[in-house]
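This report describes a single chain through its strands, its core and its side-chain pairs. Cut-offs are given where each term comes up.

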Amino acid sequence: MNIVEMNQGKKIAYELDEEAKAIIFTHGEDELIVGLAKRQTDVEVVVDISFDRTGGLTTGVQDWYVANISIPPVQRTMQATGQVDDSGNPVLEEVISPLELTDIKLTLWELPQLNQDENGGE
């Protein structure tokens with residue numbers, strides 16, 4: 001996973017779960033799990049991670065950006081099946097390559113200064 005820090009300061013805590021192909025964000029008692037492979041499509045997908053007005057973690061654009069995840073498009077290849085059609089041409093099938101976590105880009109922003117009531121006591 002490629003990490004880009006957009007500015008200086010404290011960033012959101014995160015963990016990459018390689019087996020589940022997910023990123024787990026934590027802040028105080030709040031946790032947000034973003035599945036990566038299930039969000040992959042034919043075009044690049046950008047998932048915004050924000051704080052809402054109460055300081056809770058959420059996806060989408062809210063009151064304060066904390067991160068974005070850029071997920072590359074699905075990679076497709078054609079592979080011979082070992083069969084031939086009626087004209088003797090090889091029969092091909094489309095194969096979707098699994099998501100490579102090294103292709104994920106995580107962009108992080110400095111966390112806002114929230115008071116203790118808004119961020120679970122941190």
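## Basis and conventions

Two strands pair if DSSP finds at least two bridges between them. Strands are DSSP runs (E, at least two residues) numbered from the N terminus.

The model is predicted, so local features need pLDDT of at least 70 and side-chain atom pairs count only at pLDDT 80 or more, while totals for chains, interfaces and linings use all residues. Residues are numbered from 1 along each chain as its sequence is written, and side-chain values use heavy atoms, with hydrogens and water left out.

## Hairpin of β2 and β3

Strand β2 (residues 13–17) pairs with β3 in the antiparallel sense, over five bridges. Within this pairing, E15 of β2 stands opposite I24 in β3. The two strands form a hairpin with four residues between them. In its turn, K21 has a positive phi of about 50°.

## The open sheet

An open sheet of five strands follows the order β1-β10-β7-β5-β6, and its pairing is mixed. Its edge strands are β1 (2–5) and β6 (57–59), each of which pairs on one side only. From one strand to the next, the twist averages 20°; axes for such angles are lines fitted to C-alpha atoms, and angles run from 0 to 180 degrees between N-to-C directions.

β5 has antiparallel partners in both β6 and β7: three bridges join β5 to β6, and seven join β5 to β7. On the β6 side, I49 has T59 as its bridge partner, and F51 stands opposite L57. On the β7 side, the bridge partner of S50 is Y65. β5 and β6 also form a hairpin, with five residues between them, and G55 in the turn has a positive phi of about 90°. Six of the seven residues of β5 are buried, where buried means under 20% relative accessible area, exposed means over 50% and partly exposed lies in between (1.4 Å probe, protein chains only).

## Nonpolar core

A nonpolar core is a set of buried Ala, Val, Leu, Ile, Met, Phe, Trp, Tyr and Cys residues joined through side-chain atoms within 4.5 Å. The largest one here has 21 residues, and F25, L36, I49 and I69 touch the most other members. At least two residues of this core come from each of β3 (22–27), β4 (30–35), β5 (45–51), β7 (64–71) and β10 (105–108). In soluble globular proteins, nonpolar side chains tend to be buried together.

L36 shows how the chain comes together around one core member. Contact means heavy atoms within 4.5 Å. Leaving aside its neighbours within four places in sequence, L36 is in contact with L16, K21, A22, I23, I69, I71, L99, L101 and I104. K21, the turn residue of the β2 and β3 hairpin, is thus also among the contacts of L36.

## Aromatic pair

Rings of Phe, Tyr and Trp (its six-membered ring) pair if their centres lie within 6.5 Å; planes under 30 degrees apart count as stacked, over 60 as edge-to-face and the rest as tilted. The count comes to one aromatic pair by this rule. Y65 and W109 form that pair, which is stacked, with 5.3 Å from centre to centre and 20° between the planes. Because Y65 lies in strand β7 and W109 in the segment after β10, the pair ties together parts that are 44 residues apart in sequence. Y65 is partly exposed, at a relative accessible area of 34%.

## Salt bridges

A salt bridge is a side-chain nitrogen of Lys or Arg within 4 Å of a carboxyl oxygen of Asp or Glu. Three are counted by this rule. In one of them, K11 meets E5, with the closest N and O atoms 3.7 Å apart. K11 is buried, at 13% relative accessible area, whereas E5 is exposed, at 52%.

D42, R76 and E94 are linked in a network of salt bridges. The side chains of D42 and R76 meet at 2.5 Å, N to O. This pair links distant parts of the chain, with D42 in the loop between β4 and β5 and R76 in strand β8 (residues 76–84), 34 residues apart. E94 forms a salt bridge with R76 as well, the closest N and O atoms being 3.2 Å apart. E94 lies in strand β9 (residues 90–96) and R76 in strand β8, so this pair ties together parts that are 18 residues apart in sequence. D42 counts as exposed at 51% relative accessibility, while R76 is partly exposed at 37% and E94 is partly exposed at 48%.
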